[in-house]
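User: I would like to learn how to read the features of a protein model, one feature at a time. Please give the general idea first and then the case at hand.

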Amino acid sequence: MKELIKILKQFGIYSEYLKILDVELDGDRYITILIPTTLNWIEEEEIEEILEEMLKNVRVKISRLPLNKFIKIYLEKNVKNKAYGENIENVKIEGENYALYIDWKNKKIVIHKFNGKNPIKESCKLSSNWETMWGIWVLGFESKEKAKEFAENLADEIYKYYEIDFDIEEHKRCLEDN
């Protein structure tokens with residue numbers, strides 16, 4: 001894998017969000033390289049062919065990293081206590097804290113107030129899941145300002161790679177007393 005990353009860097013393909021899937025099916029090996037940026041299709045095909053020649057008997061595909069996967073990689077790298085998505089069940093969170101709901105479907109990040117793992121208002125979290133096909137929760141910010149700063153940094157990274165503006169909103173029903 002390190003050799004493959006070294007080769008990709010020579011082609012100018014490297015990102016901290018690079019994801020490589022290496023699968024073997026019925027004796028055939030397939031490598032999918034997911035990157036947050038897009039290459040033109042001619043460049044993409046040329047690199048795939050060169051990699052297939054170098055790696056011998058391996059099918060290579062370069063694709064764009066889906067936005068939700070990009071966000072999860074960002075969270076994995078930047079949320080210290082791992083209190084996001086399904087990991088929340090395994091993390092101890094007590095007392096008042098602020099949470100983000102990253103809504104990749106509607107392109108927004110909403111700041112909420114929680115008490116431990118429970119929203120202050122029932123209308124904050126409508127699903128029993130911490131991650132759905134539309135978005136993901138991040139809990140445990142000690143202040144609204146820290147949650148907002150994290151949301152702004154994430155929104156900047158999303159814009160850098162995908163040129164999508166994510167709105168950052170405060171959930172009025174649970175933050176109205178602040």
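Analyst: We can start with a single residue: Glu163 has a relative accessible area of 64%, so Glu163 counts as exposed. This is a predicted model. Glu163 sits in the loop between H4 and strand E8 (167-170).

User: What is the phi of Glu163 near?

Analyst: Phi of Glu163 is near 55 degrees, which is a positive value in a residue other than glycine. Lys107 is another case: its phi is positive, about 55 degrees, and Lys107 is not a glycine either. Lys107 belongs to the loop between E4 and E5. Because its relative accessibility is 29%, Lys107 counts as partly exposed.

User: Now the overall layout. How many helices and strands does the protein chain have?

Analyst: The protein chain has 5 helices and 8 strands. Read from the N terminus, the order of elements is α-β-β-α-β-α-β-β-β-β-α-β-α. For the extent, take the box along the principal axes: the C-alpha atoms fill roughly 60 × 30 × 25 Å. Of the 178 residues, 42% count as buried.

User: How far apart in space are Glu24 and Ser143?

Analyst: Their C-alpha atoms are 46 Å apart, and in sequence the two residues are separated by 119 residues. Glu24 is part of strand E1 (residues 19-25). With a relative accessible area of 58%, Glu24 is exposed.

User: Next, the interior. Which residues have the most contacts inside the largest nonpolar core?

Analyst: A nonpolar core is a set of buried nonpolar residues joined through side-chain atoms within 4.5 Å. The largest one here has 32 residues, and those with the most contacts inside it are Ile71, Leu75, Leu100, Ile102 and Phe166. Two or more residues of this core come from each of helix H3 (67-78), strand E4 (96-103), strand E5 (108-115), strand E7 (135-141), helix H4 (144-162) and helix H5 (172-175).

User: Which element gives the most to this core?

Analyst: H4 does, with 8 residues.

User: And nonpolar residues on the surface? Which residues make the nonpolar patch?

Analyst: Leu21, Val23, Leu25 and Tyr30 make a nonpolar surface patch of about 340 Å². E1 gives the most to this patch, with 3 residues. Tyr30 is found in strand E2 (residues 28-35). Tyr30 counts as partly exposed because its relative accessibility is 36%.

User: Which residues form the negative surface patch?

Analyst: The negative patch consists of Glu43, Glu45, Glu46, Glu49 and Glu53. To place one of them, Glu53 lies in helix H2 (residues 41-55). Its relative accessibility is 57%, so Glu53 counts as exposed.

User: How should I read salt bridges, and how many are there by this rule?

Analyst: The general idea is that side chains of opposite charge can pair when their charged atoms come close. The cut-off is a side-chain nitrogen of Lys or Arg within 4 Å of a carboxyl oxygen of Asp or Glu. By this rule the count is 11 salt bridges.

User: Let us take one example. Where do Glu44 and Lys61 lie?

Analyst: Glu44 and Lys61 form a salt bridge in which the closest N and O atoms are 3.6 Å apart. Glu44 lies in helix H2 and Lys61 in strand E3 (residues 58-64), so the bridge ties together parts that are 17 residues apart in sequence. Glu44 has a relative accessible area of 17% and is therefore buried, whereas Lys61, at 40%, is partly exposed.

User: Is the pair Lys92 and Glu94 buried or exposed?

Analyst: Both residues are exposed. Their salt bridge has its closest N and O atoms 3.7 Å apart.

User: What about a bridge within one helix: how many residues apart are Glu157 and Lys160?

Analyst: Both lie in helix H4, 3 residues apart, which is about one turn of the helix. The closest N and O atoms of this salt bridge are 3.6 Å apart. Glu157 counts as buried because its relative accessibility is 14%, while Lys160 is exposed at 52%. Salt bridges can also share partners: Glu44, Glu48 and Lys61 are joined into one network in this way.

Methods:
Residues are numbered from 1 along each chain as its sequence is written. This is a predicted model: local features need pLDDT of at least 70, side-chain atom pairs count only at pLDDT 80 or more; totals for chains, interfaces and linings use all residues. Side-chain values use heavy atoms; hydrogens and water are left out. Patches are made of residues with over 30% relative accessible area and no salt bridge: like charges are joined within 9 Å, nonpolar side chains (Val, Leu, Ile, Met, Phe, Trp, Tyr) within 5 Å. Accessible areas come from the Shrake-Rupley method with a 1.4 Å probe; for residues, only the protein chains shown count as cover. Lys and Arg count as positive and Asp and Glu as negative; His and the chain ends are not counted. The place of a charge is taken as NZ of Lys, CZ of Arg, CG of Asp or CD of Glu. Helices (H or I, at least four residues) and strands (E, at least two) are DSSP runs, numbered from the N terminus. Buried means under 20% relative accessible area, exposed over 50%, partly exposed in between (1.4 Å probe, protein chains only).
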